[in-house]
Amino acid sequence: METQKFQFKTNINCGGCVTKVTPHLEKAEGIDSWEVDTADRDKILTVSATGASAADIIQVVKDAGFNIEPVQG
């Protein structure tokens, strides 16, 4: 299965937020790696996934209590 890269705008804006969302993203099926650019104005979450869809990732982040929307490329 091919690894896909997704990018989303979020409101994950500090280390505490990253800590809060980490267990949700770590246990999510199909997510290989991820990072949040908290220095970016849009708090871009970049996810490498094998098997997880953009909708899956959005649901995981929403379940963690954060806003998320796809970056329109």
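Visitor: How many of the six residues of strand 3 are buried?
Guide: Six of the six, so strand 3 is largely enclosed by the rest of the structure. Bear in mind that this is a predicted model.

Visitor: Which residues sit on each side of strand 3?
Guide: Ile 44, Thr 46 and Ser 48 are on one side, with Leu 45, Val 47 and Ala 49 on the other. Every one of them is buried, and both faces of the strand are covered.

Visitor: OK, and in what order do the strands form the sheet?
Guide: The order is 2-3-1-4, in an open sheet of four strands with antiparallel pairing. Strand 2 and strand 4 (68-70) are the edge strands, each pairing on one side only. On average, neighbouring strands are turned by 30° against each other, ignoring direction.

Visitor: What packs on that sheet?
Guide: Helix 1, residues 15-27, does, and it touches strand 2 and strand 3. The direction of helix 1 makes about 165° with that of strand 2.

Visitor: Back to strand 3. How many bridges join it to strand 1?
Guide: Six, and those two strands run antiparallel. Strand 2 and strand 3 also pair in the antiparallel sense, over six bridges.

Visitor: Which residue of strand 3 stands opposite Lys 5?
Guide: Ser 48. Ser 48 is also the bridge partner of Ser 33.

Visitor: And what is the bridge partner of Glu 35 in strand 3?
Guide: That's Thr 46. Glu 35 itself lies in strand 2, and leaving out residues up to four places away in sequence, it touches Ile 44, Leu 45 and Thr 46.

Visitor: Is Glu 35 buried or exposed?
Guide: Exposed, because its relative accessibility is 53% and the cut-off for exposed is over 50%. Its partner Thr 46, by contrast, is among the buried residues of strand 3.

Visitor: How far apart are the C-alpha atoms of Glu 35 and Ala 49?
Guide: They are separated by 12 Å, with their positions 14 residues apart along the chain.

Visitor: What do strand 2 and strand 3 form together?
Guide: A hairpin, with six residues between the two strands. Lys 43 is in the turn and has a positive phi of about 50°. That's a positive value in a residue other than glycine.

Visitor: Does Lys 43 count as buried or exposed?
Guide: Buried, at 18% relative accessibility; the cut-off is under 20%. This is a residue in the loop between strand 2 (31-37) and strand 3 (44-49).

Visitor: Switching to Thr 10: where is it, and which residues does it touch?
Guide: Thr 10 is in strand 1. Beyond four places in sequence, it touches Val 36, Asp 42, Lys 43, Leu 45, Asn 67 and Ile 68. So the loop residue Lys 43 is one of the contacts of Thr 10, which counts as buried with a relative accessible area of 11%.

Visitor: What does the side chain of Thr 10 reach at 3.1 Å?
Guide: The backbone nitrogen of Ile 12.

Visitor: What about the start of the chain, is Met 1 buried or exposed?
Guide: Exposed, with a relative accessible area of 83%. Met 1 is in the segment before strand 1 (4-10). Residues up to four places away aside, it touches Thr 50 and Gly 51. The C-alpha atoms of Met 1 and Ala 49 are 9.8 Å apart, although 48 residues separate them along the chain.

Visitor: Zooming out, in what order do the elements run?
Guide: From the N terminus on, β-α-β-β-α-β. That's two helices and four strands in the protein chain.

Visitor: What radius of gyration does the chain have?
Guide: It has 11 Å, which agrees with the value near 11 Å for a compact globule of 73 residues. The C-alpha trace spans about 35 × 25 × 15 Å along its principal axes, and 37% of the residues count as buried.

Visitor: And how much of the contacts comes from residues 24 or more positions apart?
Guide: 60%, taking contacts with a separation of 6 or more.

Visitor: Last one: which residues does the UniProt domain annotation cover?
Guide: Residues 3-69, annotated "domain: HMA" in an unreviewed UniProt entry. Over that stretch the chain is 34% helix and 33% strand, and the end C-alpha atoms are 20 Å apart.

Key: Residues are numbered from 1 along each chain as its sequence is written. This is a predicted model: local features need pLDDT of at least 70, side-chain atom pairs count only at pLDDT 80 or more; totals for chains, interfaces and linings use all residues. Side-chain values use heavy atoms; hydrogens and water are left out. Buried means under 20% relative accessible area, exposed over 50%, partly exposed in between (1.4 Å probe, protein chains only). Contact means heavy atoms within 4.5 Å. UniProt positions are given in the numbering used here, feature names are shortened, and annotations may be inferred rather than shown by experiment. A polar contact is a pair of N or O atoms within 3.5 Å; within protein, one must be able to donate a hydrogen and the other to accept it, and residues adjacent in sequence count only if both atoms are side-chain atoms. Two strands pair if DSSP finds at least two bridges between them. Axes are lines fitted to C-alpha atoms, for helices over the stretch in contact, and angles run from 0 to 180 degrees between N-to-C directions. The radius of gyration is taken over C-alpha atoms; the globule rule is 2.2 Å times the number of residues to the power 0.38.
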